[in-house]
Every structure is written in C-alpha cells, then in structure tokens.
Amino acid sequence: MIPAISAEHISKRFGKLQALSDVSLRIEQGEFFGLLGPNGAGKTTLISILAGLSKADSGLATVMGADVQLDFMKSRRMLGVVPQELVFDPFFTVRETLRFQSGYFGVRNNDDWIDEIMVHLDLTSKANSNMRSLSGGMKRRVLVAQALVHRPPVIVLDEPTAGVDVELRQSLWKFISRLNQDGHTIVLTTHYLEEAEALCQRIAMLKQGKLVALDTTSNLLERHRALQKNTGHEPDLEEVFMQIMSDQSGAIKNTPPIGQA
Amino acid sequence: MQPAFEYASGFPTLLRKEIKRFYKVAFQTVAAPVLTAVLYLMIFGHVLEGKVMVYDQISYSAFLIPGLVMMSVLQNAFANTSSSLIQSKLTGNLVFVLLAPITHFEFYSAYVLASVFRGVVVGLGVLLITLFFDMPSFQYPLWIILFAFLGAAILGGMGLLGGILAEKFDQLAAFQNFLIMPATMLSGVFYSIHSLPAIWQTISHFNPFFYMIDGFRYGFFGISDVSPWTSLAIVGIFFVVISVIALRLLQSGYKLRN
C-alpha cells in the first residue's frame, strides 16, 4: 500500500538557519501520527513542504503517492491542513468561507457535507455570522472545518488546540478520532503531550531540524521505562520528550510503522 | 482511503470570491471612484469648457468623458488585485488559496478577470453619470470595449505584480502613487498630446497608458493622436509582457510560497 505521507531526505534552509536536515519518515494510511518538537524544531516547515507552501531544498515528499511539487494538483486534493495561525478572511461569513474553500478544491454542491462538518464542530449557529465576529475558539473550529471540506484522506493539524478551551478540545478530538476510525490519516503537531500520548499510535520527534525519534508511542514509553531501571515509576510522554530533547547524541530511534512492527 | 468527490477546477470559485470581495464593500470600491470621476468632470469641465478645444466639433467635456472613464477603469482594476493580494498576504488568509489545487494560470486568470470586472463596472458607472453632463459619440463601440478590457487586464496584472512584490502596505502605496497614478494622469486623460511641447509629446509615446486612453477615445470619436492599430499593438504587447512576468512569479511562488 502506498504511504499516506512519505518524506525522503528532506532538507530546507532559511538563510543561515537549517530548518530541516535530511529528514526522512513514512506515515502509513490510517495512522494517527504525532509530530512533536520544541518551537523552531521544523515541524511547521515540514508541514509547509508537504502542503506545497514551501519548497524543499532537496529531497522528495509525497502525499498518497503524489509528488508535492510535480503532481501538486493530486497531492493537494489528498491533503487537508489546519494552519497553526488563526487566519481568516474578514469579508465573509462562516458558510461562505466553507463554500469557497470547497470550491477552491473543485468540489461543488457540497452543502450536505459542509452542514455535517458544522454540526460536528458546533458551528451551525454561527453559519451566517461574519468571520470577524467569532471568538478565537470559533475561528479555530472554522479552520478545522476548512481543512475537511474536500474530505481529504490525509489531515494535518498544526497545533489545532493551541489556546482553545477544554470543551472544544474534547469535541474536536472526538470528531478527529471518528475521522481516523473512518480511514483518514491524521498527522498532529501539538505541545500538549498528553493529547499526543492519548491519540497517536506513532510519534516522530524533531529537534533543530533533525529527526531524533521515530517509534510507536508504546515503544517510546517502554524504552524510557527501561531506562528508569525498574524503579516502578510509570513515565509519560512528557518525560520521554524531555529525555530525548536533552539527549545530545542525536541518534534516531526508529522502528517500522504500525502494522509492520 | 480515497476522497469521495469528482473534482472540477477551482478557478470559478476563486473568480467568484474575488468579485464578491469588492461587491461586499461596493460603496468604497465602486461608488467612491465614480464620485471622484464625476467631480473631475464637474471641475475641469466647468473651468475649461469653451476655453479649450481639443478636437474640432467636440466640446471639452465630451472629450474629457472617455478619458475619465478609462482612468477609472485602469485605477480600479489595479486597486482590485493589488489590495486583495496584499491584504490576503499580510493577514495570512492567502494560505487557503495556496493550499488548494489551483494552478498559477488559474490564479492569475481569476484575479485579473475579477479586476477587469470591477474596472468595467466602475467605468460604466462613470460613463452613465457623466452622460448627464455631455454626450460623446460612440463611433466604434468595439474599439471601446477592446481597449477597456485590455487596459483593465493590464492594470489587473500590474496590481497582481504589485501585490506579489510588496511586503507592506506603504510599498504598494508607493507603487500606486509614484508609478500608476502619474502614468495615468500624464497619459492624455485631460488633453491631447498634440497640445504638448515636442519633448513631452516624445516622452508621452513611451507611456503605455497613453495608448490605452488614446485607443479608447478613438472608439468614441473616430479621432486619435496615433492610429488605433498602433495603440492596439503596443497595448497587446504590454499585456503579454505583464502577463508573462506575473505568471512566472506565480509559478515560482516568489514571495508567496515561502
């Protein structure tokens, strides 16, 4: 089966900053995958390259087998991205925004699906409200809805719960988990590591543009537990993350993806 | 898992969005420029009527009307693409278009066609209201339409270039105030270049805006400073040059996909 996302030897430099350095990873279809790292680690750069918002200096990136540069029409249709920044078009209502986004992807007469998304994200009552009038949390919901209007098989959420309340987080994860169960591949970046631990089957960690860990969530936790030398302490992903980020060796911990391990 | 849709082009939606964007603020984007042009006609027409005769048998107000219409078409076509793109860039919502499977040609066509639409709407508004003041003849309507559409498309393309290159609003304002505005005002809107000193006549021939307005005016009166075919050739070449530059920048993602 072709991978949902494949990155092979991706490097990207912004002036003197090496944003990504020879990053390779493969995300299988149907996975719930976590992409973690501190600020400036290269997560958003990698997502931007996958989405065609930025061009890699070297390497090959594909989405559902489609090269993000050479076959961008196909790769972009396969991908839905929730951007990190809270951006919106102040001229339009929520419904207009979603209809336009659907139309950009060439999907016409899509109101049934748009209505369904709005129900799941609790946006129905705001359908005819101008984007400017929405709260930050509501705008975040619209961003999620925009990424889903064309029913992409691969969904990338770049810190979707940053600054949103508990209620939205829970309803959002419920909806995203359902999409994952329906077969959508989910790629999540977040600083809330308890969310990643609870949701993601596999996790990659980036540090200063380099891939420093790539394994199943359970393997990462198990390895850390072994390092604790049977003290009986149950580590969580935050401790694993801190330990890997403080590790100066930069060695990549890698195992095959879910289903092949 | 494969998506559940048959996909069409994103171009019609982007075009519709760009038109709807200026329609939502039509008081600012249509009514205000029409009022400005009418004020020009009232002031210049009143002051200079009877004192300036550019072409025989044609009053100054009648001469002025096509120039004002074309000036409005050009300035508003430029404003539409440039303001839309710079706003989307600076607020970040351009990402929604950049994430979509829209080719650089579709992107360019949608933005430029929307600017042509706004330019023509404003131009028609100016023409309809100024007809209450004086009535130019309509000798060759096809020339009028041709130059209006080509001129608007060129300025739409230039607005797109300005929007791509500018990183701040004041950079775009400089582009507009120090390039577009002087080139438009010095293109023969208010006068025939035959009334200028020889040196300025020569300089005017290097201003592509002059050919847009002269060709447009030919459609009304059947009289022009240079042959309409010459104007058409120069305007056509200018359109191709602007389009090629804009398309290359869009294709490379310059200052957009970074």
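This is a guided tour of a predicted model with chains A and B, stop by stop, for use with your viewer.

Before you start, residues are numbered from 1 along each chain as its sequence is written, while chains are lettered from A and ligands numbered from 1 in the order in which they are written. Because the model is predicted, local features need pLDDT of at least 70 and side-chain atom pairs count only at pLDDT 80 or more, whereas totals for chains, interfaces and linings use all residues.

**Stop 1: chain A as a whole**

Select chain A and switch on the cartoon. You should find 9 helices and 11 strands; helices (H or I, at least four residues) and strands (E, at least two) are DSSP runs, numbered from the N terminus. The C-alpha trace spans about 60 × 45 × 40 Å along its principal axes. Chain A has a radius of gyration of 19 Å, which agrees with the value near 18 Å for a compact globule of 261 residues. That radius is taken over C-alpha atoms, and the globule rule is 2.2 Å times the number of residues to the power 0.38.

Colour by burial next: 48% of the 261 residues count as buried. Here a residue is buried if 20 or more other C-beta atoms lie within 10 Å of its own, exposed if 12 or fewer, and partly exposed in between, with C-beta atoms placed from the backbone. Among contacts in chain A with a separation of 6 or more, 68% are between residues 24 or more positions apart; a contact needs C-beta atoms, placed from the backbone, within 7 Å.

**Stop 2: a four-stranded sheet in chain A**

Now pick out β2, β1, β4 and β5 of chain A, which form an open sheet in that order with antiparallel pairing. At its edges are β2 (17-27) and β5 (66-67) of chain A, each pairing on one side only. Strands count as paired if DSSP finds at least two bridges between them. Zoom in on β1(A) (residues 5-14) and β2(A), where 7 bridges join the two strands in the antiparallel sense. A:A7 is a good landmark, standing opposite A:L25 in β2(A).

Add helix α1 (residues 43-51) of chain A, which packs on this sheet and touches β1, β2 and β4 (58-63) of chain A. The direction of α1(A) makes about 115° with that of β1(A). Axes are lines fitted to C-alpha atoms, for helices over the stretch in contact, and angles run from 0 to 180 degrees between N-to-C directions.

**Stop 3: two backbone oddities**

Most residues other than glycine have a negative phi. Centre on A:H9, in strand β1 of chain A: its phi is positive, about 55°. A:H9 is partly exposed, with 14 other C-beta atoms within 10 Å.

Then jump to A:D122, in the loop between α4 (111-120) and α5 (136-148) of chain A. Phi of A:D122 is also a positive value, near 55°, and A:D122 counts as partly exposed with 16 C-beta neighbours inside 10 Å.

**Stop 4: strand β9 of chain A**

Select residues 202-207 of chain A, which make up β9(A); 5 of its 6 residues are buried. On one pairing, β3 (residues 32-36) of chain A runs parallel to β9(A), with 4 bridges, and A:G34 has A:I203 as its bridge partner. A:I203 also has a bridge partner in β10(A), namely A:D215. β9(A) pairs with β10 (residues 210-216) of chain A in the antiparallel sense over 6 bridges. These two strands form a hairpin with 2 residues between them, and A:Q208 in the turn has a positive phi of about 50°.

**Stop 5: over to chain B**

Show chain B, with its 10 helices and 0 strands. Its radius of gyration is 19 Å, close to the 18 Å that the globule rule gives for 258 residues, so it is as compact as a globular protein of that length. The C-alpha atoms fill a box of roughly 75 × 35 × 35 Å along the principal axes. Buried residues make up 47% of chain B.

**Stop 6: helix α7 and B:G159**

Select residues 169-185 of chain B for helix α7, which has 17 residues. Look for a kink of about 30° centred on B:Q176; the bend is the angle between axes fitted to the seven residues ending there and the seven starting there. Show the side chains of B:L172, B:F175, B:I180 and B:T184, the buried residues of α7(B). They pack against α3 (60-91), α6 (141-165) and α9 (208-221) of chain B.

Finish in α6(B) at B:G159, which counts as buried with 30 C-beta neighbours inside 10 Å. Beyond its neighbours within four places in sequence, B:G159 has contacts including B:A77, B:F78 and B:S115.

Key
Contact = placed C-beta atoms within 7 Å. Expected span 1.5 Å × (residues − 1).
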